[in-house]
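Subject: Structure for you to look at

Hello,

Here is the structure I promised you. Please open it first, then read my notes beside it.

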Amino acid sequence: MWERIMREGAGVPAVADALFDVINLNRPPESLASDAVFLAAVNEVTQRPPRPPVDDKDLAPYPPAAIVN
């Protein structure tokens, strides 16, 4: 479930900001359990149908050809 929250929650500011703060040690991970805004956003993310996995051939090359040279 954490993988899905990290992958799909990245586009939800309440989830992304909270996880960013935890990863950068600005807040303890335990604080997420009592953060009502974070929990509501996670609940919303987990209630959606899961996104299909991305295949490698569907990804654009990086860096784009326009800036390679």
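Start with valine 45, which sits in helix H3. Keep in mind that this is a predicted model. Is valine 45 buried or exposed? It is buried, because its relative accessible area is 1%, and buried means under 20%.

Now look at what surrounds valine 45. Leaving out neighbours within four places in sequence, valine 45 is in contact with Arg4, Glu8, Gly9 and Val12. Take glutamate 8 from that list. Valine 45 and glutamate 8 are 37 residues apart in sequence, yet their C-alpha atoms are 6.9 Å apart in space.

**The core**

Valine 45 belongs to the largest nonpolar core. That core has 11 residues in all: Ile5, Val12, Val15, Ala18, Leu19, Val22, Leu32, Phe38, Ala41, Val42 and Val45. Which elements give two or more residues to this core? They are helix H2 (13–23) and helix H3 (36–47).

Three other members of the core deserve a closer look.

- Phenylalanine 38: apart from residues up to four places away in sequence, it touches Trp2, Ala14, Val15, Ala18, Leu19 and Leu32.
- Isoleucine 5: this residue lies in helix H1. It counts as buried because its relative accessible area is 7%. Beyond four places in sequence, isoleucine 5 touches Ala10, Val15, Leu19, Val42 and Thr46. Measure along the chain and isoleucine 5 is 45 residues from proline 50; in space the two are 10 Å apart, C-alpha to C-alpha.
- Valine 12: look for it in the loop between H1 and H2. Its relative accessibility is 15%, so valine 12 counts as buried. Past the four-place limit in sequence, valine 12 is in contact with Ala41, Val45 and Arg48. Valine 12 and threonine 46 are 34 residues apart in sequence and 12 Å apart in space, C-alpha to C-alpha.

**Charged pairs**

Side chains of opposite charge can pair when their charged atoms come close. How many salt bridges does the structure hold? It holds 5. Here are some of them.

Arginine 4 and glutamate 8 meet through their side chains in a salt bridge, at 3.4 Å from N to O. They are 4 residues apart in helix H1 (residues 2–8), so about one helical turn separates them. Arginine 4 and glutamate 8 are both buried.

Arginine 27 forms a salt bridge with aspartate 35. Their closest N and O atoms are 3.1 Å apart.

Glutamate 44 and arginine 48 meet in a salt bridge too, with 3.7 Å from N to O. Why does arginine 48 count as partly exposed? Its relative accessibility is 34%, and partly exposed covers the range between 20% and 50%.

Some salt bridges share partners, and these join Arg4, Arg7 and Glu8 into one network.

Glutamate 8 keeps coming up, and there is more to say about it. Glutamate 8 has its place in helix H1. It is buried because its relative accessible area is 3%. The side chain of glutamate 8 also makes a polar contact with the side chain of arginine 7, at 3.4 Å. Not counting residues up to four places away in sequence, glutamate 8 touches Val45, Arg48, Pro49, Pro50 and Arg51.

**The surface**

Which residues form a nonpolar patch on the surface? Trp2, Met6 and Ile23 do, with about 350 Å² of accessible area together. Isoleucine 23 is found in helix H2. At 57% relative accessibility, isoleucine 23 counts as exposed, because exposed means over 50%.

**One backbone angle to check**

Most residues other than glycine have a negative phi. Now find leucine 25, in the loop between H2 and H3. Leucine 25 is not a glycine, yet it has a positive phi of about 60°. Leucine 25 is also exposed, because its relative accessible area is 74%.

When you go through the model, try this order: valine 45 in helix H3, then glutamate 8 in helix H1, then leucine 25 in the loop between H2 and H3.

Best wishes

How values were computed: Residues numbered from 1 in each chain as written. Predicted model: local features only at pLDDT ≥ 70, side-chain atom pairs only at ≥ 80, totals over all residues. Heavy atoms only, no water. Core = buried A, V, L, I, M, F, W, Y, C linked by side-chain atoms within 4.5 Å. Buried < 20%, exposed > 50% of the residue type's maximum accessible area, 1.4 Å probe, protein only. Contact = heavy atoms within 4.5 Å. Salt bridge = Lys/Arg side-chain N within 4 Å of Asp/Glu carboxyl O. Patch = residues over 30% accessible without salt bridge, like charges linked within 9 Å, V, L, I, M, F, W, Y side chains within 5 Å. Areas by Shrake-Rupley, 256 points an atom, 1.4 Å probe, with all protein chains shown as cover. Polar contact = N/O pair within 3.5 Å; in protein donor to acceptor, adjacent residues only side chain to side chain.
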